[in-house]
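Work through the following exercises with the coordinates open beside you. Each task is followed by a solution that proceeds step by step.

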Amino acid sequence: MTFDINNLVRENVKKLKPYSSARDEFKDFDKEMVFLDANENPFNNGVNRYPDPQQRSLKDVLAQQKQIKTSQVLLGNGSDEVLDLIFRAFCEPKKDNIITLPPTYGMYKVLAETNDIENREVLLTEDFEPNVEAIIKEADSNSKLLFICSPNNPTGNIFNIKKVAQLLQNFSGIVVIDEAYIDFSEAPSWVSKLSEYPNLIITQTLSKAYGMAGIRLGICYASEEIISVINKIKPPYNVNELTQKRALDRVLDVESVKNEINSILSERSVLYKALLEVNFVDNIYPSDSNFVLAKVDNADLRYQQLLEKGVVIRNRSSQPLCENTLRFTIGTPSENKQLIEVLKEL
């Protein structure tokens, strides 16, 4: 299938001339210079200067780790901003549509409604896999984006590679694979396939495996062409100085991140085994994430009982195909132990 990005970009975005900030025009702001170009307060307090609008130091490290070009990376104020930018670059309000695969991450639907874009929902199969035939049938010439959350939230499973490849080959729009939980899976990231699929966008985050939910740092990996389009509409200073510094320190601390991931994976196995012995648990779904989804006899009752014992989990029963399900995020070993003790009491 021939893919031309120009057929998907909104006409107003094609014509748009991006805002040029002072830090875009003079890029060597790491040099010892007298900076009188950006109307900043001159008294140094560590954050009196505007941050790098292109986050070059952080992007260079991420690109090196992923073995891609820096020009294939875009950073945002959390993944939600990245997703919103994708909507605004490619989807014409009141005209275009997107396809989502419930049960899935709820922000896709919210962003579609915010941007006045039709959201066509195609349910996952009973075993929580994409229904490829139904998805392709649902798509038309105005279907600009297909959102695939893999590993999926709230189900926890990673989608079959062949099915995702089929969708990449047959969907005429852009396929956005949300890999927020990929670090907890043994499956490879789709970042390694960027050169094969020009219609592929991958989003990742520092909120999960990297433990940086509080700094709000979302990542977008795509072709240089797609990144250049999104860059046109990106706010000039969307990632602040403090976030850039904390994120850079964290992504360079590879060993600490690896150790924490290993601890979470180990505790996931412990919880999975413990849930097998809980008499009100009817089913435990396989997980490639930092959480486990379990089907119980009465989710509302069990949620309330856990709350009364001081443990907060997530009741996912309102989601399609998820009746009477509870989602357990994997905590520290001591938190996990406390959860298991409460479950045994119940």
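The exercises below concern a predicted model.

**Exercise 1.** Determine where lysine 208 lies, whether it counts as buried, partly exposed or exposed, and which residues it touches.

Solution. Begin with the record: an unreviewed UniProt entry carries the annotation "modified residue: N6-(pyridoxal phosphate)lysine", and this annotation covers Lys208. Next, locate the residue along the chain, where lysine 208 is found in the loop between β6 (200-205) and β7 (218-221). Its relative accessibility is 31%, and because buried means under 20% and exposed over 50%, lysine 208 counts as partly exposed. Leaving out residues up to four places away in sequence, lysine 208 touches Ala180, Tyr181 and Phe184. With tyrosine 181 there is also a polar contact of 3.5 Å between the two side chains.

**Exercise 2.** Describe the surroundings of aspartate 96, and find which backbone atom lies 2.7 Å from a polar atom of its side chain.

Solution. Aspartate 96 is placed in the loop between α4 (78-90) and β2 (97-100). Its relative accessibility is 2%, so aspartate 96 counts as buried. When residues up to four places away in sequence are not counted, aspartate 96 touches Phe90, Cys91, Ile117, Glu118, Asn142 and Lys144. The backbone atom sought is the nitrogen of glutamate 92, which lies 2.7 Å from a polar atom of the aspartate 96 side chain.

**Exercise 3.** Characterise isoleucine 86 by its helix, its accessibility and its contacts.

Solution. Isoleucine 86 belongs to helix α4, and its relative accessibility of 0% means that isoleucine 86 counts as buried. Once neighbours within four places in sequence are set aside, the contacts of isoleucine 86 are Leu145, Val176, Ile201, Thr203 and Ile230. For leucine 145, the separation from isoleucine 86 is 59 residues in sequence, while the C-alpha to C-alpha distance is 8.8 Å.

**Exercise 4.** Find how the axes of helices α9 and α10 are arranged, and which residues meet between these helices.

Solution. Two packed helices are described by the angle between their axes together with the distance between those axes. For α9 (residues 241-252) and α10 (residues 254-276), the axes come within 5 Å and cross at roughly 75°. That angle makes α9 roughly perpendicular to α10. On the α9 side the residues are Arg250, Val251 and Leu252, and these meet Val254, Ser256, Val257 and Glu260 in α10. Sorted by character, the residues of this contact comprise 4 nonpolar, 1 polar and 2 charged.

Conventions:
Residues are numbered from 1 along each chain as its sequence is written. This is a predicted model: local features need pLDDT of at least 70, side-chain atom pairs count only at pLDDT 80 or more; totals for chains, interfaces and linings use all residues. Side-chain values use heavy atoms; hydrogens and water are left out. Helices (H or I, at least four residues) and strands (E, at least two) are DSSP runs, numbered from the N terminus. Buried means under 20% relative accessible area, exposed over 50%, partly exposed in between (1.4 Å probe, protein chains only). A polar contact is a pair of N or O atoms within 3.5 Å; within protein, one must be able to donate a hydrogen and the other to accept it, and residues adjacent in sequence count only if both atoms are side-chain atoms. Contact means heavy atoms within 4.5 Å. Axes are lines fitted to C-alpha atoms, for helices over the stretch in contact, and angles run from 0 to 180 degrees between N-to-C directions. Angles under 35 degrees count as roughly parallel, over 145 as roughly antiparallel, 65 to 115 as roughly perpendicular and the rest as oblique. Ala, Val, Leu, Ile, Met, Phe, Trp, Tyr, Cys and Pro count as nonpolar, Asp, Glu, Lys and Arg as charged, and the others, Gly among them, as polar. UniProt positions are given in the numbering used here, feature names are shortened, and annotations may be inferred rather than shown by experiment.
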